[in-house]
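The exercises below are meant to be worked through with the sequence and the model in view. Try each task before reading its solution.

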Amino acid sequence: MTLSLITHLVQSYGYYAVFTLIALESMGIPLPGETALVTAALYAGTTHHLNVVALAAVATCAAVIGDNAGYWIGRTGGLRLAERYGRYVRLDRAKLKVGRYLFARHGVKVVFFGRFIAVLRTFAAFFAGVGKMHWPRFVAANAAGGLLWASFYTLGAYALGNAASSVGSAILIVGYAVASVLTVTSIIVVRRSMRRLEQRAEEAFPDNGAASPAALAEACELV
């Protein structure tokens, strides 16, 4: 999905476009929810056609609702669905094992901080459901992460857009550039770590189902 299309959707449908893209991304569909939020906040700052507080509230609700839907999809048969249809959303067996490994080892941290990392933002809730994470703990970490994420990106991008309306469009370009750099950086960091994580996940959750006791003990150790 191109930036021009996202901008068109935001300008045409406002809060509805932001809510839909964020909620679907949070459910496990790789869509540019964060880009839509930044675009909408910049648009709100430059035109004031959207209310910044309402936008942050919409983004928070979309993140929490979408994540809870993804959690329950993962909890009620997620592995079967992922093995059958995962290739359509770029979720293969190796990523499933990495998700199980991360949640066994870090749990709440993944739910909270995953909201700020491109790949984890899409699949964290699903992995939490697959790992049978206690729902109250998931909701608490998910709501806190969603609120902080929505507030940070909405208010930051809105401030840039507001400044652009008085200073000039150059700062608006800087805002898009910063958002793009943050997204690309998080993707690069995750990809560089993926090979090592895949190896550890395979040791903890081999295909034959007989996980190494030592590997499982390491995976389940709280840090």
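**Exercise 1: Charged pairs**

The side chains of Arg 115 and Asp 67 meet in a salt bridge, with N to O at 2.7 Å, where a salt bridge is a side-chain nitrogen of Lys or Arg within 4 Å of a carboxyl oxygen of Asp or Glu. The model is predicted, so local features need pLDDT of at least 70 and side-chain atom pairs count only at pLDDT 80 or more, while totals for chains, interfaces and linings use all residues. Residues are numbered from 1 along each chain as its sequence is written, and side-chain values use heavy atoms, with hydrogens and water left out.

Task: Find which parts of the chain the pair of Arg 115 and Asp 67 ties together, and then find which residues are joined into one network by salt bridges that share partners.

Solution:

Step 1. Arg 115 lies in the loop between helix H7 (108–114) and H8, and Asp 67 lies in helix H4, so the pair ties together parts that are 48 residues apart in sequence. Helices here are DSSP runs (H or I, at least four residues), numbered from the N terminus.

Step 2. Both Arg 115 and Asp 67 are buried, a word that stands for under 20% relative accessible area with a 1.4 Å probe, protein chains only.

Step 3. The structure holds three salt bridges, among them the one between Glu 25 and Arg 121, whose closest N and O atoms are 3.3 Å apart. Glu 25 is in helix H2 and Arg 121 in helix H8 (residues 118–130), 96 residues apart.

Step 4. Glu 34 also forms a salt bridge with Arg 121, the closest N and O atoms being 3.1 Å apart, and this pair links helix H3 with helix H8.

Step 5. Through the shared partner, Glu 25, Glu 34 and Arg 121 form one network. Glu 25 counts as buried at 3% relative accessibility, and Arg 121 is buried with a relative accessible area of 4%.

**Exercise 2: The nonpolar core**

Task: Find which helix gives the largest share of the largest nonpolar core.

Solution:

Step 1. A nonpolar core is a set of buried Ala, Val, Leu, Ile, Met, Phe, Trp, Tyr and Cys residues joined through side-chain atoms within 4.5 Å. Of the 25 residues in the largest one, Val 10, Val 18, Ile 22, Leu 37 and Trp 149 touch the most other members.

Step 2. Two or more residues each come from helices H1, H2, H3, H4 and H9.

Step 3. The largest share, eight residues, comes from H3.

Notes
Buried < 20%, exposed > 50% of the residue type's maximum accessible area, 1.4 Å probe, protein only.
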